[in-house]
Amino acid sequence: MFLSVTVLGMSMIATAAALIPSTSRLDPAPLLPGFAQDGYAVLPQALPTPLLGRLREAFDRLMVGPIAAEPQSLQHQVNRVIERDPAFLELIDLPSVFPLVRAIIGADVTLAAGGEAYSKRPHSPAFISWHNDFQWMVDVPYPRQNFWVRATYFLDDIDEDTAPMALLPGTHRADHECPADLTGPDGQPRELPGMVRLTGKAGDCVVNHTEIWHTNTPNRGTRIRKLVMLTYKHAWMRQWGDGHDIQVAFAETQTDPLRRQLCGLGDWHRCDRVWAT
Ligand SMILES: O=C(O)CCC(=O)C(=O)O
């Protein structure tokens with residue numbers, strides 16, 4: 001028995017926003033019920049075309065070194081991308097995505113890390129199987145509150161063969177962790193009833209609750225899968241360490257109050273309840 005939760009919502013792409021012009025400011029209200037039910041939302045064409053072009057250029061430039069150093073790695077990763085190119089920095093408060101993140105987390109929203117670029121090579125198995133992101137935490141009961149939200153930007157089209165992330169809608173509300181038997185003996189994710197593969201077009205964005213059960217899938221295609229991920233949290237949580245965390249010197253270069261807050265500046269104990277958002 002793979003799935004014992006009773007909360008598998010199946011509205012899937014019903015959570016998707018109606019097509020929106022990517023330069024306009026997103027109204028998050030219509031998306032919130034679907035996000036609460038399913039644990040994710042799809043924002044088609046969230047990236048303005050000129051920004052998508054600059055992101056692609058920056059992504060390819062940043063990946064040259066890591067790919068040359070370890071060509072056989074299943075996946076290559078560059079951390080703290082917002083510090084490395086202004087195109088990535090633009091994503092942190094993007095009007096077509098950030099209002100949803102702000103609405104989910106709340107006024108004390110901050111970045112959980114400096115953003116990651118991920119390059120997954122063709123003809124490669126899944127590099128990670130079914131999990132919820134804070135599965136390793138002990139003594140934090142389920143169902144869990146919304147700790148973190150992740151925004152994943154597609155820099156190229158992603159079809160069923162291009163290693164789409166897959167998830168099980170509604171499992172962010174499960175009363176237990178993601179079971180180990182969702183992974184086969186070969187370490188690869190099993191096919192599960194109700195699983196949704198997050199395919200889409202270049203420029204799309206997926207926002208997900210990080211406790212939803214999710215997995216990578218094999219890249220059976222001939223193209224590299226290119227994603228950029230930003231994660232957000234409450235101000236009272238620590239950033240992810242291990243080279244992911246935004247450097248204070250970089251944060252101090254920001255002048256916009258919201259960006260300074262997002263980069264972790266300012267007290268987390270704002271007893272006056274005054275936030276930049
Ligand atoms: O990149 C993917 O397809 C999934 C990544 C994932 O599961 C994770 O980072 O937690």
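In this predicted model, the buried residues of helix α4 are covered by several elements, among them the helix α1 (32-38) and the strands β1 (40-43), β3 (109-111), β5, β8 (205-209) and β10 (225-234). Helix α4 spans residues 98-105, and because six of its eight residues are buried, the helix is largely enclosed by the rest of the structure. The buried positions are Phe98, Leu100, Val101, Arg102, Ile104 and Ile105, so that an arginine is listed here together with Phe98, Leu100, Val101 and the two isoleucines. Helix α4 is followed by Gly106, which has a positive phi, near 120°.

Positive phi values are also found at two residues that are not glycines, Asp139 and Ala163, and the table sets out their places and surroundings.

| Residue | Phi | Loop | C-beta neighbours inside 10 Å |
|---|---|---|---|
| Asp139 | about 60° | between β4 and β5 | 4 |
| Ala163 | about 60° | between β5 and β6 (166-167) | 29 |

Is Asp139 buried or exposed? Asp139 counts as exposed, because it has 4 C-beta neighbours inside 10 Å, and a residue is taken as exposed when that number is 12 or fewer. Ala163, on the other hand, counts as buried because it has 29 such neighbours inside 10 Å, where the cut-off for a buried residue is 20 or more.

The loop between β4 (116-120) and β5 (149-154) also holds Pro143, and the peptide bond that leads from Tyr142 to Pro143 is cis, with omega near -10°. Asp139, with its positive phi of about 60°, is likewise placed in the loop between β4 and β5.

Notes
Residues are numbered from 1 along each chain as its sequence is written. This is a predicted model: local features need pLDDT of at least 70, side-chain atom pairs count only at pLDDT 80 or more; totals for chains, interfaces and linings use all residues. Two residues are in contact if their C-beta atoms, placed from the backbone, lie within 7 Å.
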